[in-house]
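Here are some short exercises to work through with the model open beside you. Try each task before reading its solution.

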Amino acid sequence: MSSIPWSRRMLASLVASLAVVAFLPRVLAGGGIEEDKFRQLEEILPTPNVYRSASGAPGSSYWQQRADYAMRVELDDAAQRILGSERITYTNNAPDALRYLWIQLDANLFASDADGALAQVAPDFTKFPYRTLGRLLALQEFDGGIEITRVAAADGADLRHTIVKTMMRIDLDAPLRHGESIVFEIDWNYSVNDAKTIRARTGYEYFEKDDNYIYEIAQFYPRMASYTDVNGWQHKQFIGRGEFTLELGDYEVEITVPADHVVAATGVLQNPDAVLTAVQRQRLREVETAGTLQFIITPEEALANESSRAREKKTWVFHAENVRDFAFASSRKFIWDAQRHDMEGNRVLAMSFYPNEAEPLWSRYSTPAVVHTLNVYSRYTFPYPYPVAISVNGPVGGMEYPMICFNGPRAEPDGTYFDVPVGEDRHFWNRTKYGLISVVIHEVGHNYFPMIVNSDERQWTWMDEGINSFLQFLAEQEWEEDYPSRRGEPKNIVEYMRSDDQVPIMTNSESLLQFGNNAYGKPATALNILRESILGRELFDFAFKEYARRWRFKRPMPADLFRTMEDASGVDLDWFWRGWFYTTDHCDISIENVRLYSLDTHDPDIEKPRLKEEREAEPVTLSQSRFESAPKLVEQIPELKDFYNSYDELDVTPQDREEFTKLLESLEDHEEEMLGTDYKFYVVELANIGGLVMPAILDITYGDGSSEELRVPAEIWRRDPARASKLLLTQREIRSIALDPHLETADVNLDNNHWPRKPIKSRFQLFKEQKPKNPMQKAQEANDDKVTQRPE
């Protein structure tokens with residue numbers, strides 16, 4: 001730290017502004033001006049219109065399509081196949097006339113000519129798991145493509161159609177105009193994948209010990225592609241990562257399964273008398289009134305049912321309103337528990353279905369996690385509107401659908417499970433208990449995003465996964481103290497932020513690198529930082545709830561989120577969206593230097609003695625110390641000395657005092673008073689090494705041991721995104737300054753966050769070199785082992 005005297009003029013300028021000392025925009029080597037990190041996003045975001053307003057709300061003429069389904073589906077438990085027939089009622093609310101319709105055939109992801117397989121890059125052969133080889137070999141034999149056997153109008157007449165891999169176009173005899181509806185039918189069948197070998201969002205799991213299956217069935221029916229005001233038809237091929245873009249509607253679904261199967265599905269069961277036992281119906285009625293967690297099918301009953309082999313079939317009928325998709329699970333192995341939960345007047349049945357292999361964790365944590373999720377998410381968005389919320393254990397590790405989700409974590413076969421205290425193991429995925437709680441929160445949470453706030457998953461994965469991961473973090477932190485959340489805390493995203501292999505969040509789902517970090521972790525962390533460090537909880541929560549409320553049962557785009565958050569908070573956030581969502585910049589702010597500016601009082605009786613003290617305090621150079629005892633010529637010949645040998649420019653003279661008196665006479669009273677100030681002027685020089693503009697949060701410790709926190713907004717970088725200085729006025733001596741003391745900005749390098757610098761700590765271990773055994777010794781050991789093992 002250097003100390004520099006200040007003139008009265010300089011002091012007056014500082015006191016008048018009490019502002020940031022910043023540099024002019026830096027000119028780059030090529031002559032251009034450095035990027036403006038605060039440039040507004042109007043030139044990037046789509047132009048507002050009657051469909052989507054500049055405030056981020058749906059426009060006055062907002063519209064969306066509607067698709068209603070009536071389905072009959074049969075599960076072939078012997079051949080692991082799905083056979084189905086559906087009637088779709090499609091309503092065109094767009095201002096456009098449609099000459100054809102696009103249908104999604106997601107099961108064709110497993111067809112031999114699917115882009116998802118053909119575009120797959122070669123695996124890393126330096127580390128080749130058995131699971132990877134097993135999947136590759138299984139795909140050589142398995143053809144899970146969907147077979148379309150009929151496409152017909154409501155009157156039975158065939159409709160011309162063309163299959164384009166995972167999409168199908170249906171050509172209409174006449175254009176479907178605004179406000180009109182069309183009814184048509186499709187028959188289909190396909191083979192269900194073994195989800196333990198060919199991992200996917202759907203499939204079956206086979207249990208060899210009792211010769212039973214658990215089926216988790218999704219993307220099983222031809223579904224309407226979305227037609228929107230932004231993209232027209234969203235018919236990007238389903239390659240595997242970019243999930244689904246769907247229309248809302250009502251579903252009436254009949255599911256025929258073996259009579260001893262239990263079915264869980266989207267919607268409300270319509271025929272319990274036909275498919276449930278009297279005991280099961282009675283237990284359901286008790287749950288409706290009790291409000292406590294109870295078994296509908298006990299573990300003992302589920303275990304006994306595993307040996308059943310019914311030849312008859314039963315058809316379960318489910319009805320769901322205003323949902324964008326439908327999924328179901330079926331097995332004779334299911335334990336079933338349920339709890340009624342009131343959500344602001346909406347009576348919800350929270351339920352879990354799982355085999356005995358999932359115990360003891362599932363009966364203890366699954367349904368409570370469902371209820372907890374509904375409570376937390378509803379508080380930050382809107383009350384859960386559906387009548388049921390279901391968690392199912394099976395082969396799918398974690399996948400979401402309206403009112404139902406599939407979750408994989410289980411205990412070991414002996415009933416034990418792995419878990420460690422916080423801080424002892426950083427690998428979250430090894431934590432079976434917390435892994436289960438978190439995946440249930442995450443997948444149930446998807447009911448809000450994207451099942452209700454119906455974003456385009458095929459294009460923007462982060463709009464549901466990132467937002468949902470953020471809310472998951474909030475729910476996890478309300479589960480218990482020090483919950484080991486994997487994502488959300490800024491410190492957990494640091495390694496990704498400093499990495500090279502990444503693309504901006506605003507990248508199409510199929511082009512993402514480091515998928516989990518990009519689509520889940522980074523946007524979740526960004527929203528948490530926006531809530532905690534930029535807007536504050538009150539402003540953020542109001543704006544975020546407004547976004548959820550505006551787009552409930554509608555289809556938002558990224559601009560609608562960005563604009564709503566600014567509109568409802570009253571804060572310009574373009575710099576934040578630009579840095580976090582449109583770039584791969586990271587946060588690395590460094591305290592480069594701290595300067596102390598002291599006030600020059602112009603009083604010679606004060607300033608000159610001070611300068612003498614500083615002069616005396618200067619270190620003696622090596623040459624000075626060695627020449628000190630050497631004979632000096634002027635001592636030998638005193639006549640060589642003149643006036644300047646005894647003159648000291650720091651001695652106070654009458655002229656000095658006279659000039660000071662004249663200065664005081666020229667000052668106003670308040671100006672003279674300023675010369676007596678005891679304030680110290682510290683200037684903290686900051687460097688933005690990572691490029692991401694972020695607030696500079698300073699923890700200042702004073703000489704008396706006290707401390708305070710100064711939160712400098714990101715706008716400090718508005719004139720120069722690379723360098724900025726912050727003036728600190730204080731009457732106390734500053735002993736130290738720490739940047740980002742609460743680890744809230746995802747700063748990738750904490751070593752340069754301190755003034756004065758701290759030593760970089762690390763540890764090393766000793767090891768003892770082992771002399772390897774030579775081949776003769778190894779051969780002798782092998783021979784000795786043979787002698788030892790020889791029978792007597």
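**Exercise 1.** Which side chain meets that of Lys333 in a salt bridge?

*Solution.* Keep in mind that this is a predicted model. Start at Lys333 and look for a carboxyl oxygen within 4 Å of its side-chain nitrogen. The partner is Asp210, at 3.0 Å from N to O. Next, place the two residues: Lys333 sits in the loop between strand 19 (328–331) and strand 20 (335–343), while Asp210 sits in the loop between strand 9 (203–207) and strand 10 (212–217). The pair thus links distant parts of the chain, 123 residues apart. Both Lys333 and Asp210 are buried. Finally, follow the shared partners: Lys209, Asp210, Glu306, Lys333 and Glu357 are joined by salt bridges into one network.

**Exercise 2.** Find the salt bridge between Asp585 and Lys37, and work out which parts of the chain the pair ties together.

*Solution.* The side chains of Asp585 and Lys37 meet at 2.8 Å, N to O. Asp585 belongs to the loop between helix 15 (574–581) and strand 25 (589–599). Lys37 belongs to the loop between helix 1 (8–17) and strand 2 (66–76), so the bridge ties together parts 548 residues apart in sequence. As for their surroundings, Asp585 and Lys37 are both buried.

**Exercise 3.** Describe the setting of the salt bridge between Glu658 and Lys662.

*Solution.* Take the distance to begin with: the closest N and O atoms of Glu658 and Lys662 are 3.8 Å apart. Then look at the backbone: both residues lie in helix 20 (residues 654–666), 4 residues apart, about one turn of the helix. Now classify each residue. Glu658 has 45% relative accessibility, so it counts as partly exposed. Lys662 has a relative accessible area of 53% and is therefore exposed. To put this bridge in context, the count for the structure comes to 55 salt bridges.

**Exercise 4.** How are the ring pairs Tyr206–Tyr213 and Trp575–Phe576 arranged?

*Solution.* A search of the whole structure finds 49 aromatic pairs. For Tyr206 and Tyr213, the ring centres are 4.8 Å apart and the planes meet at 45°, so this pair is tilted. Tyr206 is partly exposed at 35% relative accessible area, whereas Tyr213 is buried at 17%. For Trp575 and Phe576, the centres are 5.7 Å apart and the planes are at 85°, so this pair is edge-to-face. Trp575 is buried at 5% relative accessible area, and Phe576 is buried at 0%. To finish, trace the ring pairs outward: they link a cluster that includes Phe38, Trp462, Trp575, Phe576 and Tyr582.

**Exercise 5.** Which residues does Arg241 touch, leaving out those up to four places away in sequence?

*Solution.* Locate Arg241 in the loop between strand 13 (232–234) and strand 14 (249–258). Its relative accessible area is 39%, so Arg241 is partly exposed. The contacts are Arg201, Ser509, Glu510, Leu512 and Phe515. Check one of them along the chain: Leu512 is 271 residues from Arg241, yet their C-alpha atoms are separated by 9.2 Å.

**Exercise 6.** Which residues of the largest nonpolar core touch the most other members?

*Solution.* This core has 198 residues, and Tyr90 and Phe184 touch the most other members. Helix 7 (residues 361–380) gives the most to the core, with 10 residues. Another core of 5 residues lies apart from it, and its members include Leu512 and Phe515.

How values were computed. Residues are numbered from 1 along each chain as its sequence is written. This is a predicted model: local features need pLDDT of at least 70, side-chain atom pairs count only at pLDDT 80 or more; totals for chains, interfaces and linings use all residues. Side-chain values use heavy atoms; hydrogens and water are left out. Buried means under 20% relative accessible area, exposed over 50%, partly exposed in between (1.4 Å probe, protein chains only). Contact means heavy atoms within 4.5 Å. A nonpolar core is a set of buried Ala, Val, Leu, Ile, Met, Phe, Trp, Tyr and Cys residues joined through side-chain atoms within 4.5 Å. Rings of Phe, Tyr and Trp (its six-membered ring) pair if their centres lie within 6.5 Å; planes under 30 degrees apart count as stacked, over 60 as edge-to-face and the rest as tilted.
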